[in-house]
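Hi,

Here is the structure I promised to pass on to you. Have a look at it first, and then read my notes underneath.

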Amino acid sequence: IPITVNEDKGSKKGQVVAVGVGHYQDGKLIPIQVEVGEQVLFQWGDKIKVEDKEYYIVKESEILAVINQ
C-alpha cells in the first residue's frame with residue numbers, strides 16, 4: 001500500500017499494490033481475501049521505502065474495510 005494514504009478517524013486509506021499467498025492456520029493455507037488494486041482502510045502497518053517510494057506492509061487482520069468506488 002503506497003504511502004499516499006489519507007488519515008480517516010485514526011485509520012489510513014490506501015491501494016493494495018501486492019499480496020502474499022496467505023497464512024497457515026492449523027496446517028492449512030488460508031488464502032488472502034484482498035486483491036491488488038482494491039482500496040482499503042487499515043489501522044497499522046510497517047512503513048518501508050523501496051526505490052524512493054514509501055509503502056506500508058499490512059497484515060490482512062489489520063485491514064478494516066475494502067472500499068468500493
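Below is what turned up when I went through it, starting with the overall fold and ending with a few residue pairs.

Before anything else, please keep in mind that this is a predicted model.

**The overall picture**

The protein chain has eight strands and zero helices. If you walk along from the N terminus, the order of elements is simply β-β-β-β-β-β-β-β. There are 69 residues in the protein chain, and 20% of them are buried.

**The largest pocket**

What lines the largest pocket, and how big is its volume? The volume comes to about 280 Å³, and 15 residues form the lining. Nearest the centre of this pocket you'll find Val-16, Ala-18, Val-19, Tyr-56 and Val-58. As for character, the lining splits into twelve nonpolar residues, one polar and two charged. Strand β7, which covers residues 53-57, contributes the most to the lining, with three residues.

Tyr-56 is a good residue to click on here, since several things come together at it. Tyr-56 sits in strand β7 and is among the residues nearest the pocket centre. Is Tyr-56 buried or exposed? Its relative accessibility is 12%, and the cut-off for buried is under 20%, so Tyr-56 counts as buried.

**A patch on the surface**

Now turn to the outside. Val-21, Tyr-24 and Leu-29 together make a nonpolar surface patch of about 360 Å². Of these, Tyr-24 belongs to strand β3, residues 22-25. With a relative accessible area of 62%, Tyr-24 is exposed, because anything over 50% falls in that class. So you have two tyrosines to set side by side: Tyr-56 counts as buried, whereas Tyr-24 is exposed.

**Two loop residues with positive phi**

Which residues have a positive phi although they are not glycines? Asp-26 is one of them, at about 55°, and Glu-51 is another, at about 50°. Where do they lie? Asp-26 is in the loop between β3 and β4 (28-31), while Glu-51 is in the loop between β6 (46-50) and β7. Both are out on the surface side of the cut-off: the relative accessible area is 77% for Asp-26, which makes it exposed, and 75% for Glu-51, which is exposed as well.

**Pairs across the sequence**

Finally, here are some residues that are separated along the chain, with their C-alpha distances.

- Tyr-56 and Val-16 are 40 residues apart in sequence, with 9.7 Å between their C-alpha atoms. Both names also appear among the residues nearest the centre of the largest pocket.
- Asp-46 and Tyr-56 are ten residues apart in sequence, and the C-alpha to C-alpha distance is 5.3 Å. Asp-46 lies in strand β6 and, at 54% relative accessibility, counts as exposed, while its partner Tyr-56 counts as buried.
- Gln-15 and Val-36 are 21 residues apart in sequence and 7.7 Å apart in space, again C-alpha to C-alpha. Gln-15 is part of strand β2, residues 11-15. Its relative accessibility of 35% puts Gln-15 in the partly exposed class.

If you'd like a route through the model, start at Tyr-56 in strand β7, go across to Asp-46 in strand β6, and then move to Glu-51 in the loop between those two strands. After that, swing round to the patch made by Val-21, Tyr-24 and Leu-29.

Cheers

Definitions and conventions: Residues numbered from 1 in each chain as written. Predicted model: local features only at pLDDT ≥ 70, side-chain atom pairs only at ≥ 80, totals over all residues. Heavy atoms only, no water. Patch = residues over 30% accessible without salt bridge, like charges linked within 9 Å, V, L, I, M, F, W, Y side chains within 5 Å. Areas by Shrake-Rupley, 256 points an atom, 1.4 Å probe, with all protein chains shown as cover. Salt bridge = Lys/Arg side-chain N within 4 Å of Asp/Glu carboxyl O. Helix = DSSP H or I, 4+ residues; strand = E, 2+ residues; numbered from the N terminus. Buried < 20%, exposed > 50% of the residue type's maximum accessible area, 1.4 Å probe, protein only. 1 Å grid on protein atoms, 1.4 Å probe; cavity = no way out; pocket = protein on both sides within 12 Å on 5 of 7 lines; lining within 4 Å. Points joined across faces, edges and corners; volume = space filled by probe spheres on them. Nonpolar A, V, L, I, M, F, W, Y, C, P; charged D, E, K, R; others polar.
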